[in-house]
Amino acid sequence: MKYFLQYCLLFIGFTSIVQAQDNPVKFLDISDGLSNNSVTTIFQDSDGYLWFGTYDGLNRYDGYNFKVYRNRINDKNSLSFNTIYDIEGDSRNNIWVGGSNGICIYNKTNATFRSVEYVISNKKPKYLKDIIHQTSAISNNMVLVASQNLGLISFENGSFVGKHIPLKAKENKSNIDNYDAIAIQDDKKKGHSWIYVRNVGVCSFDYKSKTLKVVYPLSIEVKAMKLTFDGNLWLGTDEGLFLFNTQSGLLSENYFTNKCSVTDILTDKKKEVWITTDGCGIYKVTGTNKKAITSNTVKDNNLVKSNSVWSLYEDKSGNKWFGTLRGGISMLSNTPKYFKSIRYNANDPAENFILSFCEDEKNNLWVGTDGAGLKYWNRKNNTYSNYSNKLLSNFITSIIRDNNNEIWLSTWAGGVNKINPKNNTVTHYSCYNPFTKQTEKNIWFVYKDAKANIWASATNEGSLYLFNKAKNNFELFDKSITNLQCLIQTSEGKLWGGNYTSLFSIEKATKKIHKINIGNPVRCIHEDKDKNLWLGTQEGGLLLFDRKTNTFKRLTTDDGLPSNTILRLLEDKEGNLWMSTYNGICRFDKKQKTFRNFSVNDGLQSNQFSFNAGIKLSTGEFLFGGINGFNIFFPEAIKGYNQQNNLLLSDFYVNNQPIEESKTDLISEWDSNKIKEVSLPYDQTTLSLEFVALDYNNADKINYAYFLEGWDEQWNFVGQARKANYSRLPEGKYTFKVKTTNFKGGWNKEESLIIINVLPPWYRTWWAYMLYLLAGIASIFAYLEYHKNKEKLKYKVKIAELESKKEKEIAEKQSSMFTYISHEFRTPLSLIINPLKKAVQKESVQNGSSGSDLAIAHRNARRLLSLVDQLLLFRKAENDADSLRLSTINVNNLCNEVYQCFVNQAKEKNIQYNFNIPDHEIEIIGDYEKIEISLFNLMSNAFKYTPINGTINLNLDENDREVILEIADNGDGIDKKDIDVIFEKFKQINSKVSVGNRFWNWTLYCKIFCRQTQRFCKLYK
């Protein structure tokens, strides 16, 4: 069905298409970290940092973040004031900050501020508390300060005590001490500086004579002064801009046609003069033009956000920085935009949601939007037509031109539409699925193959359709192919399509289909000049597909891509691949295998682009559409640039404290006011290192990698993160290295930023190890000495053992000899005892007495025989050969015999000797000989230690359990502590203790007569 297409033709020209200016502009304000939106002065130091003075503090900018310095009450090392009017740097890398209350000098080595003093008329130094208009480092050894009430002050040779310069008036009048010095301009060629003094005029400060004198009296209110290349002076006043001829003293006409208050003047590297004003915006003077031309105001190109521009500065890279009143900072980049951004002025944002493109035979452009219908852009006339009715949908997903120059559109919820540009008619086509009995309206793309066949693919589980020219309708090609997002025909004639998970190889003639799993949605496919097949996926990166093995190689953000979602692929003349993504545009150099990324700062409409919005025009231009219009550019025109990244260590924290502020004693080496080496105690090794590559044009394109040599095993690739953290580093020497990417996508050579020495604890220092070594040597020596003494002792013990063995052998021989002799004694004693026994018996029969001398002799002979037997018994005992010989013993008789043996001895010592026994007989079972020996020994000891006229009693008694033999005397006693040991073998004690009434009782129980008897008695009981 055909409809006549009504359209609206708009003859608006370029006013309807906003093109960004040739150089991009960057805006910074308090939302980016700036301390205050009123920026009064700008300066770039020797390291490359930019410093901004505001009404509320000092700001250091590194391309990413602001570091703010403010006054801290009661902190003498902080900034003395927050209202700043001027910033300057000297040859010693100090930052001079002038403001509402004097000057503070920032020392980078210890991150502290200090105030300066001045001397006037040889008086005592005073702190400078005046309002500062300008500070100028005119040489390595001199800094000039222009103040409101004290005039010009000179600081020389690094001193922070300045000398006040009096003003010499004309006509030999007296010097003026109090005057208002507004501006300073160094004229090195003539060896002096131009000083403008309010209400006085242009003055000259001579470097040799150190004098200031009036040269040209002027009464105009000068706010800014700048020296020209030919030695003249630009004077910015409340009325406008004037050029002052320093040779003739003539003042030019006002360069402004209207009254404007000039705030700052800059002559850039191109010798163009830039003028900022308070309320009139920015102006330029170029060439020999005698009038200032408005350059960038808020209404025109949005260069600044406020027409009150107070400061102007050109950095080392040629970027221009503008500080405004309440509008923050603007940066005009010196790098031109390669991308022309095209957008439509419309209230409806959908007008700039671009989804598709198509070029017609007239090189004009059809543009499909996401919700705002179809537009036709006549590039020659720079007009566009809006086709707003008779299309079944305003969501134009794809556009192609057939061989008849008719335009085919795929739409969302509107099927396929064909436009005949000749008569502006529209034909609608539906895609009917005979298997589902449904008409598919959500068509994602239309495609024309090499044989001019028209294909259409539906999404939302839709199928692939082929246009039947004979029947003038779309027919289902294959129900197994669903949700195709893209389709191309390669050089061998095959069709390749991708859906949400897979890649399809399609042969139209045979309908042979091969499906390869990819795992991600395939959004675009491109065959390059080298017959390589590239797949752009959603969230899966860029894939190089091998058609022989059906495998692919994946490239992702880790390889340099700005995003893992590739929306559209185009190839330039040099074989580079250009792709739109969700994070800008990327160029892939297949030879170098590097990515170069572009963002909104390069002039892109935004960083987000659309799926099907990409086309290569017949002119060689590339178009990529996104959410804020589209970009058009020549890929060959985008060249490289001279990238000089100034890589710096911006902050270094030790245990969460800035090292410059609180731990300067840890810094062991400086290099041009930069920390090069630190020495850290072992307990202060929690480190945080922040680094930055100063590039104010391309900061968003720089990726970083860092490596701590001595600790890290490999480089840490951290993208745009600029901070490294380490904790508990062991002692040793470490080198912190950082490298960055360049504009080609490759990596620059790494740079060593700092050397870190971690000191060991005292117990791991060299002198501690020396002590350990000495202690080890001493231990070894002590051990050797001990071992030596041990061996000596072993030798002595061995000798002693040999001697003991020898002595034992000798003693054994002696004992054997003694035993032999004892045996010899026993025989004659036995021969003596028997006759005596007979004689005693005979005498006893005859006389009836047993106490004769013969009886005594017989008794003692027997005793002598008993002693010999004891010797033999001792020998047996030594050899453990002795044993008990048990028999029934009459204890009464045994005791009587022992008693009778000591009767004569008692008489000789006049000892009262008593024997007390019971009336009945007492018998025990025991070894008669051993009991007798024990009793005899005890009695012998009693007589030995009992004095003359003493008393000895032998008592015999028994009870139910035991027989008691008691020998008691009144001699020297035995200490109670020795009583328990008197029965040990060969035990001798020396005791002279008297117990009780000088009688000591030796109580002898049968159980302790001897060891054998003790064992027997215990067993017997």
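pLDDT is the predictor's confidence in each residue, from 0 to 100. Keep that in mind for these views, since what you're looking at is a predicted model.

**Figure 1. How confident the predictor is along the chain.** The mean pLDDT of the chain is 87, and 90% of the residues reach 70 or more. Residues 1-21 are another story: here pLDDT stays under 50, and the model has 63 contacts for them beyond four places in sequence. Residues 993-1021 also have a pLDDT below 50. That stretch has 64 contacts in the model beyond near neighbours in sequence.

**Figure 2. The disulfide between Cys-260 and Cys-280.** The structure holds 1 disulfide, and this view is all about that link. A disulfide is a covalent bond between the sulfur atoms of two cysteines. The sulfur atoms of Cys-260 and Cys-280 sit 2.5 Å apart. Turn about the S-S bond and you get -95°, which makes the link left-handed. Cys-260 is in the loop between β25 and β26 (262-267), while Cys-280 is in the loop between β27 (273-277) and β28 (282-285). The pair therefore ties together parts that are 20 residues apart in sequence. As for their surroundings, Cys-260 is buried, at 4% relative accessible area, whereas Cys-280 is partly exposed at 23%.

**Figure 3. Two more cysteines, Cys-203 and Cys-895.** Cys-203 has a relative accessible area of 0%, so it counts as buried. Cys-895 is buried too, with 1%.

**Figure 4. An open sheet of 3 strands.** The order here is β23-β24-β25, and the pairing is antiparallel. β23 (222-227) and β25 (241-244) are the edge strands. Each has a single partner strand, so one side of each is left without a neighbour in the sheet. On average, neighbouring strands of this sheet are turned by 25° against each other, direction ignored. Look at how β23 meets β24 (residues 233-237): 5 bridges join these antiparallel strands. Leu-227 stands opposite Leu-233 of β24.

**Figure 5. An open sheet of 6 strands with mixed pairing.** Read across it and the order is β13-β12-β17-β16-β15-β14. At the edges you'll find β13 (126-127) and β14 (132-139). One side of each is left without a neighbour in the sheet, because each has a single partner strand. For β14, that partnership is with β15 (residues 142-147), antiparallel and made of 6 bridges. Within it, Thr-135 stands opposite Val-145 of β15.

**Figure 6. Strand β22 and its pairing with β18 and β21.** β22 covers residues 211-217 and pairs in the parallel sense with β18 (residues 167-168), over 2 bridges. Leu-167 faces Leu-212 of β22. With β21 (residues 201-206), β22 pairs in the antiparallel sense, over 6 bridges. Here Ser-204 has Lys-213 of β22 as its bridge partner. β21 and β22 form a hairpin with 4 residues between them. In the turn, Lys-210 has a positive phi of about 55°.

**Figure 7. Asn-405 and Asn-472, a pair of loop residues with positive phi.** Some background helps with this one. Most residues other than glycine have a negative phi. Asn-405 has a phi near 65°, a positive value. You'll find Asn-405 in the loop between β38 (396-401) and β39 (407-411), and its relative accessible area of 25% makes it partly exposed. Asn-472 isn't a glycine either, yet its phi is positive, at about 55°. Asn-472 belongs to the loop between β46 (463-468) and β47 (473-482). With a relative accessible area of 41%, Asn-472 is partly exposed.

**Figure 8. Nonpolar cores inside the model.** The largest nonpolar core has 61 residues. Trp-321, Phe-652, Phe-736 and Ile-756 are the ones with the most contacts inside it. Strand β67 (residues 687-694) gives the most to this core, with 6 residues. Another core lies apart from it and has 38 residues, including Trp-444, Cys-486, Leu-503 and Phe-504.

**Figure 9. Ser-940 in helix α6.** This helix covers residues 928-945, with Ser-940 in it. Ser-940 is partly exposed, at 33% relative accessibility. Try finding Phe-902 in this view as well: Ser-940 and Phe-902 are 38 residues apart in sequence. In space, their C-alpha atoms are 8.3 Å apart.

Terms used. Residues numbered from 1 in each chain as written. Predicted model: local features only at pLDDT ≥ 70, side-chain atom pairs only at ≥ 80, totals over all residues. Heavy atoms only, no water. Pairing = 2+ DSSP bridges. Axes fitted to C-alpha atoms, helices over the stretch in contact; angles between N-to-C directions. Buried < 20%, exposed > 50% of the residue type's maximum accessible area, 1.4 Å probe, protein only. Contact = heavy atoms within 4.5 Å. Disulfide = S-S within 2.5 Å. Core = buried A, V, L, I, M, F, W, Y, C linked by side-chain atoms within 4.5 Å.
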